Amino acid sequence: MKNKKNYYIKTNRIFNTFRQYGWIITVLVAIGGLWEPKLGLIVVFIMAGLIATSFFGGRYWCGNICPHGSLFDKIILPISANKKIPDFIKSKTFIIAFFLFFMFNFIRKIITISQHWGTYDIFDKVGALFSNTYLMVLIVGGALAIFVNSRTWCQFCPMGTMQKISHAFGKFLGVAKKTEKKVTISNKDKCLNCGKCSKVCPFQLTPYLEFSDKNQFDNVNCIKCNTCVENCPVKILSLEKEKLAS
Ligand code: SF4
Ligand code: SF4
(Lines give C-alpha, C1' and ligand atoms only; values in the text may rest on other atoms or scores of the structure.)
(Ligands and ions follow the chains in the order given, each with its own letter.)
Protein backbone atom coordinates (compact mmCIF):
# COMPACT_ATOMS: atom_id res chain seq x y z
CA MET A 1 0.00 0.00 0.00
CA LYS A 2 1.77 3.12 -1.24
CA ASN A 3 1.56 6.55 0.33
CA LYS A 4 -0.10 5.31 3.53
CA LYS A 5 -0.07 8.77 5.08
CA ASN A 6 -2.84 10.08 2.88
CA TYR A 7 -4.32 6.78 1.81
CA TYR A 8 -7.55 6.90 3.79
CA ILE A 9 -10.23 9.36 2.72
CA LYS A 10 -12.37 11.17 5.26
CA THR A 11 -15.64 10.77 3.41
CA ASN A 12 -19.13 11.16 4.77
CA ARG A 13 -20.39 7.95 6.27
CA ILE A 14 -23.87 6.64 5.56
CA PHE A 15 -26.55 7.41 8.17
CA ASN A 16 -30.02 6.05 8.67
CA THR A 17 -32.27 8.08 10.99
CA PHE A 18 -31.29 6.10 14.08
CA ARG A 19 -27.58 6.41 13.37
CA GLN A 20 -27.97 10.13 12.70
CA TYR A 21 -29.03 10.77 16.29
CA GLY A 22 -27.87 7.61 18.12
CA TRP A 23 -24.92 9.53 19.63
CA ILE A 24 -27.43 11.32 21.91
CA ILE A 25 -28.04 7.96 23.66
CA THR A 26 -24.29 7.62 24.26
CA VAL A 27 -24.08 11.05 25.90
CA LEU A 28 -27.31 10.50 27.84
CA VAL A 29 -26.21 7.15 29.28
CA ALA A 30 -22.53 7.99 29.84
CA ILE A 31 -22.90 11.52 31.25
CA GLY A 32 -26.53 11.44 32.44
CA GLY A 33 -25.77 8.19 34.26
CA LEU A 34 -23.54 10.11 36.67
CA TRP A 35 -26.72 11.69 38.07
CA GLU A 36 -29.29 8.99 37.28
CA PRO A 37 -27.62 5.55 37.29
CA LYS A 38 -30.79 3.79 36.10
CA LEU A 39 -30.13 5.29 32.65
CA GLY A 40 -27.41 2.63 32.36
CA LEU A 41 -30.12 -0.05 32.23
CA ILE A 42 -30.70 1.01 28.60
CA VAL A 43 -27.44 -0.81 27.83
CA VAL A 44 -29.07 -4.15 28.73
CA PHE A 45 -31.41 -3.68 25.76
CA ILE A 46 -28.52 -2.53 23.58
CA MET A 47 -26.58 -5.71 24.41
CA ALA A 48 -29.61 -7.87 23.70
CA GLY A 49 -30.06 -6.06 20.37
CA LEU A 50 -26.49 -6.46 19.22
CA ILE A 51 -26.35 -10.15 20.16
CA ALA A 52 -29.63 -10.84 18.33
CA THR A 53 -28.79 -8.89 15.17
CA SER A 54 -25.31 -10.39 14.89
CA PHE A 55 -26.71 -13.93 15.10
CA PHE A 56 -28.54 -13.22 11.85
CA GLY A 57 -26.37 -10.62 10.15
CA GLY A 58 -22.82 -10.28 11.53
CA ARG A 59 -21.64 -6.87 12.69
CA TYR A 60 -24.62 -5.03 11.16
CA TRP A 61 -25.24 -3.35 14.53
CA CYS A 62 -21.84 -1.59 14.47
CA GLY A 63 -22.46 0.06 11.12
CA ASN A 64 -26.16 0.83 11.41
CA ILE A 65 -27.36 1.12 15.01
CA CYS A 66 -24.56 1.37 17.60
CA PRO A 67 -24.86 4.67 19.55
CA HIS A 68 -21.10 4.85 20.04
CA GLY A 69 -20.57 4.20 16.32
CA SER A 70 -22.91 7.12 15.67
CA LEU A 71 -20.83 9.33 17.98
CA PHE A 72 -17.57 8.29 16.31
CA ASP A 73 -18.86 8.77 12.75
CA LYS A 74 -21.19 11.75 13.17
CA ILE A 75 -19.54 13.90 15.82
CA ILE A 76 -15.86 12.90 15.97
CA LEU A 77 -14.98 11.99 12.37
CA PRO A 78 -14.72 15.66 11.23
CA ILE A 79 -11.97 16.29 13.83
CA SER A 80 -10.34 12.85 13.64
CA ALA A 81 -6.69 12.48 12.57
CA ASN A 82 -7.97 9.64 10.32
CA LYS A 83 -4.68 7.73 10.49
CA LYS A 84 -4.04 4.09 9.70
CA ILE A 85 -5.29 1.90 12.56
CA PRO A 86 -2.22 0.14 14.07
CA ASP A 87 -2.02 -3.54 13.13
CA PHE A 88 -1.52 -4.73 16.73
CA ILE A 89 -4.90 -3.25 17.70
CA LYS A 90 -6.52 -5.41 15.01
CA SER A 91 -4.62 -8.55 16.01
CA LYS A 92 -6.49 -11.57 17.37
CA THR A 93 -4.17 -11.70 20.38
CA PHE A 94 -5.00 -8.14 21.41
CA ILE A 95 -8.74 -8.54 20.74
CA ILE A 96 -9.00 -11.78 22.77
CA ALA A 97 -6.81 -10.45 25.60
CA PHE A 98 -8.91 -7.28 25.89
CA PHE A 99 -12.15 -9.27 25.78
CA LEU A 100 -10.98 -11.56 28.62
CA PHE A 101 -9.76 -8.57 30.65
CA PHE A 102 -13.09 -6.78 30.14
CA MET A 103 -15.24 -9.82 30.97
CA PHE A 104 -13.16 -10.68 34.06
CA ASN A 105 -13.70 -7.19 35.46
CA PHE A 106 -17.33 -7.08 34.44
CA ILE A 107 -18.17 -10.44 36.07
CA ARG A 108 -16.20 -9.52 39.19
CA LYS A 109 -18.29 -6.36 39.54
CA ILE A 110 -21.55 -8.23 38.87
CA ILE A 111 -20.70 -10.69 41.67
CA THR A 112 -20.09 -7.77 44.06
CA ILE A 113 -23.34 -6.11 43.04
CA SER A 114 -25.31 -9.35 43.43
CA GLN A 115 -25.18 -8.82 47.21
CA HIS A 116 -27.91 -6.22 46.65
CA TRP A 117 -30.17 -8.73 44.89
CA GLY A 118 -33.74 -8.46 46.15
CA THR A 119 -33.39 -4.80 47.17
CA TYR A 120 -34.42 -1.74 45.19
CA ASP A 121 -30.73 -0.66 45.10
CA ILE A 122 -29.93 -3.37 42.58
CA PHE A 123 -31.30 -1.24 39.72
CA ASP A 124 -29.04 1.69 40.61
CA LYS A 125 -26.02 -0.57 41.08
CA VAL A 126 -26.43 -2.42 37.77
CA GLY A 127 -27.32 0.82 35.97
CA ALA A 128 -24.19 2.52 37.34
CA LEU A 129 -22.02 -0.38 36.18
CA PHE A 130 -23.31 -0.07 32.63
CA SER A 131 -23.29 3.72 32.50
CA ASN A 132 -19.71 3.84 33.88
CA THR A 133 -18.70 1.35 31.19
CA TYR A 134 -20.34 3.59 28.59
CA LEU A 135 -18.45 6.58 30.00
CA MET A 136 -15.15 4.67 29.81
CA VAL A 137 -15.81 3.87 26.14
CA LEU A 138 -16.76 7.50 25.51
CA ILE A 139 -13.43 8.69 26.97
CA VAL A 140 -11.05 5.99 25.67
CA GLY A 141 -12.86 5.41 22.36
CA GLY A 142 -13.31 9.15 21.89
CA ALA A 143 -9.61 9.88 22.46
CA LEU A 144 -8.60 7.10 20.03
CA ALA A 145 -11.16 8.45 17.55
CA ILE A 146 -9.67 11.95 17.69
CA PHE A 147 -5.96 11.06 17.70
CA VAL A 148 -5.91 7.88 15.57
CA ASN A 149 -9.04 6.98 13.63
CA SER A 150 -12.75 7.34 14.38
CA ARG A 151 -13.30 3.56 14.52
CA THR A 152 -10.15 2.51 16.39
CA TRP A 153 -12.04 1.40 19.52
CA CYS A 154 -14.37 -0.74 17.39
CA GLN A 155 -11.46 -3.00 16.37
CA PHE A 156 -11.25 -4.48 19.89
CA CYS A 157 -14.61 -3.47 21.39
CA PRO A 158 -15.84 -6.35 23.59
CA MET A 159 -19.34 -5.85 22.17
CA GLY A 160 -17.89 -6.38 18.69
CA THR A 161 -16.26 -9.59 19.91
CA MET A 162 -19.57 -10.73 21.41
CA GLN A 163 -21.18 -10.10 18.03
CA LYS A 164 -18.56 -12.24 16.32
CA ILE A 165 -19.26 -15.07 18.78
CA SER A 166 -23.03 -14.77 18.25
CA HIS A 167 -22.50 -14.60 14.48
CA ALA A 168 -20.38 -17.76 14.62
CA PHE A 169 -23.32 -19.54 16.29
CA GLY A 170 -25.65 -18.17 13.62
CA LYS A 171 -23.36 -19.54 10.92
CA PHE A 172 -22.90 -22.87 12.71
CA LEU A 173 -26.67 -23.36 12.85
CA GLY A 174 -27.01 -22.40 9.19
CA VAL A 175 -29.20 -19.36 9.94
CA ALA A 176 -26.81 -16.51 9.12
CA LYS A 177 -26.08 -18.04 5.73
CA LYS A 178 -29.67 -17.32 4.73
CA THR A 179 -30.10 -13.95 6.42
CA GLU A 180 -26.74 -12.12 6.36
CA LYS A 181 -26.16 -9.41 3.77
CA LYS A 182 -22.61 -8.95 2.49
CA VAL A 183 -20.87 -6.46 0.23
CA THR A 184 -21.26 -7.97 -3.23
CA ILE A 185 -19.61 -7.03 -6.52
CA SER A 186 -21.84 -7.36 -9.58
CA ASN A 187 -18.96 -7.85 -12.02
CA LYS A 188 -15.31 -8.23 -11.05
CA ASP A 189 -14.20 -7.33 -14.59
CA LYS A 190 -15.65 -3.84 -14.17
CA CYS A 191 -13.58 -3.15 -11.04
CA LEU A 192 -11.02 -0.38 -11.64
CA ASN A 193 -8.83 -1.61 -8.77
CA CYS A 194 -8.82 1.98 -7.61
CA GLY A 195 -9.07 0.88 -3.96
CA LYS A 196 -11.62 3.57 -3.13
CA CYS A 197 -13.81 1.00 -1.35
CA SER A 198 -10.88 0.45 0.99
CA LYS A 199 -9.86 4.10 1.28
CA VAL A 200 -13.32 5.10 2.56
CA CYS A 201 -13.94 2.01 4.72
CA PRO A 202 -14.32 2.97 8.41
CA PHE A 203 -12.61 -0.30 9.40
CA GLN A 204 -9.92 0.06 6.70
CA LEU A 205 -10.88 -3.28 5.16
CA THR A 206 -10.01 -4.21 1.57
CA PRO A 207 -13.14 -5.53 -0.15
CA TYR A 208 -11.74 -5.22 -3.69
CA LEU A 209 -8.88 -7.60 -2.84
CA GLU A 210 -11.03 -10.21 -1.11
CA PHE A 211 -14.15 -10.96 -3.16
CA SER A 212 -14.91 -14.68 -3.07
CA ASP A 213 -15.78 -16.82 -6.05
CA LYS A 214 -19.39 -15.96 -5.17
CA ASN A 215 -18.46 -12.29 -5.65
CA GLN A 216 -18.97 -11.55 -1.96
CA PHE A 217 -16.85 -9.98 0.75
CA ASP A 218 -16.85 -12.49 3.61
CA ASN A 219 -14.73 -10.57 6.12
CA VAL A 220 -16.31 -11.03 9.57
CA ASN A 221 -15.36 -7.48 10.55
CA CYS A 222 -17.42 -5.80 7.81
CA ILE A 223 -20.03 -3.65 9.58
CA LYS A 224 -22.35 -3.45 6.53
CA CYS A 225 -22.21 0.35 6.69
CA ASN A 226 -22.70 0.93 2.94
CA THR A 227 -19.87 3.48 2.74
CA CYS A 228 -17.98 1.51 0.09
CA VAL A 229 -21.21 0.85 -1.81
CA GLU A 230 -22.01 4.56 -2.04
CA ASN A 231 -18.45 5.57 -2.93
CA CYS A 232 -17.51 3.04 -5.61
CA PRO A 233 -17.04 5.19 -8.76
CA VAL A 234 -18.50 2.55 -11.09
CA LYS A 235 -21.38 1.54 -8.78
CA ILE A 236 -20.74 -2.17 -8.91
CA LEU A 237 -21.13 -2.80 -5.18
CA SER A 238 -24.26 -3.58 -3.18
CA LEU A 239 -25.24 -5.34 0.03
CA GLU A 240 -26.84 -8.68 -0.84
CA LYS A 241 -27.67 -11.99 0.73
CA GLU A 242 -25.67 -14.95 -0.49
CA LYS A 243 -27.22 -16.53 -3.57
CA LEU A 244 -27.41 -20.06 -2.21
CA ALA A 245 -27.98 -21.58 -5.62
CA SER A 246 -24.81 -20.16 -7.17
S1 SF4 B 1 -14.19 1.27 -5.41
FE2 SF4 B 1 -15.27 -0.02 -6.90
S3 SF4 B 1 -13.98 0.13 -8.74
FE4 SF4 B 1 -12.71 0.87 -7.04
S5 SF4 B 1 -11.58 -0.97 -6.32
FE6 SF4 B 1 -13.46 -0.83 -5.09
S7 SF4 B 1 -14.96 -2.13 -6.17
FE8 SF4 B 1 -13.28 -1.70 -7.61
S1 SF4 C 1 -16.30 -3.07 3.55
FE2 SF4 C 1 -17.85 -1.54 3.01
S3 SF4 C 1 -19.69 -2.09 4.18
FE4 SF4 C 1 -17.93 -3.22 5.08
S5 SF4 C 1 -17.21 -1.89 6.73
FE6 SF4 C 1 -16.00 -1.35 4.93
S7 SF4 C 1 -17.12 0.36 3.96
FE8 SF4 C 1 -18.53 -0.62 5.42
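I began with the division of the chain: domain 1 covers 14–168 and domain 2 covers 180–241. The model is a predicted one, and I kept that in mind throughout.

**Entry: the two domains**

I looked up the distance between the domains. The C-alpha centres of domain 1 and domain 2 are 26 Å apart. I then listed who takes part in the contact: 17 residues come from domain 1 and 14 residues from domain 2. On the side of domain 1 that touches domain 2, the elements giving two or more residues are α3 (42–57), α4 (60–64) and α9 (158–172). Of these, α4 gives the most, with four residues. I sorted that side of domain 1 by class and got six nonpolar, six polar and five charged residues.

**Entry: helix α3**

I checked the length of α3 next. Its 16 residues should span 22 Å at 1.5 Å a residue, and the end C-alpha atoms are 22 Å apart, so the two agree. Which residues of α3 are buried? I noted Val43, Leu50, Thr53, Ser54, Phe55 and Gly57. I also asked what covers the buried residues of α3. The cover includes α2 (23–32), α4, α8 (121–147), α9, α10 (176–179) and β1 (181–185). Just after α3, I found Gly58 with a positive phi of about 65°.

**Entry: helix α7**

I turned to α7, residues 92–113. This helix has 22 residues and reaches 31 Å from its first C-alpha to its last, close to the 32 Å expected at 1.5 Å a residue. How many of the 22 residues of α7 are buried? The count is zero, and α7 is hardly covered.

**Entry: the nonpolar cores**

I kept a general point in mind here: nonpolar side chains tend to be buried together in soluble globular proteins. The largest nonpolar core in this model has 31 residues. Val183, Cys197, Cys228 and Leu237 have the most contacts inside this core. I traced the elements that give two or more residues to the core and wrote down α4, α5 (67–76), α8, β1 and β2 (237–241). The largest share, three residues, comes from α4. Where does this core lie with respect to domain 1 and domain 2? It lies between them, because both domains give residues to it.

I followed Cys228 through its contacts. Leaving out residues up to four places away in sequence, Cys228 touches Val183, Cys197, Val200, Cys201, Pro207 and Leu237. I also found a second, separate core of 11 residues, which includes Ile25, Ala30, Leu39 and Phe130.

**Entry: the two ligands**

I took ligand 1 first. It is surrounded by 14 residues, and the closest are Cys191, Cys194, Cys197, Tyr208 and Cys232. By class, I noted 11 nonpolar, two polar and one charged residues in the shell around ligand 1.

Ligand 2 came next. I found 15 residues around it, the closest being Cys201, Cys222, Cys225, Thr227 and Cys228. The shell around ligand 2 has 11 nonpolar, three polar and one charged residues. I went back to the core notes at this point: Cys197, listed close to ligand 1, and Cys228, listed close to ligand 2, are among the residues with the most contacts inside the largest core.

**Entry: the loop between α12 and α13**

I looked at three residues in the loop between α12 (207–210) and α13 (227–231), starting with Ser212. Is Ser212 buried or exposed? I put Ser212 down as exposed, because 12 other C-beta atoms lie within 10 Å, and 12 or fewer is the cut-off. Ser212 and Ser80 are 132 residues apart along the chain, and their C-alpha atoms are separated by 33 Å.

Asn215 is in this loop too. Its phi is near 65°, a positive value in a residue other than glycine. I counted Asn215 as partly exposed, because it has 18 C-beta neighbours inside 10 Å.

Asn219 was my last stop in the loop between α12 and α13. With 17 C-beta neighbours inside 10 Å, Asn219 counts as partly exposed. Asn219 touches Leu205 and Glu210, not counting residues up to four places away in sequence. I also took its C-alpha to C-alpha distance to Phe130: 30 Å, with the two positions 89 residues apart in sequence numbering.

**Entry: Gln204**

I closed with Gln204, found in the loop between α11 (196–199) and α12. Gln204 has a positive phi of about 55° although it is not a glycine. I put Gln204 down as buried, because 20 other C-beta atoms lie within 10 Å.

How values were computed. Residues numbered from 1 in each chain as written. Chains lettered and ligands numbered in written order. Predicted model: local features only at pLDDT ≥ 70, side-chain atom pairs only at ≥ 80, totals over all residues. Near = placed C-beta within 6 Å. Nonpolar A, V, L, I, M, F, W, Y, C, P; charged D, E, K, R; others polar. Domains from an automatic or database assignment. Contact = placed C-beta atoms within 7 Å. Expected span 1.5 Å × (residues − 1). Core = buried A, V, L, I, M, F, W, Y, C linked by C-beta atoms within 7 Å.
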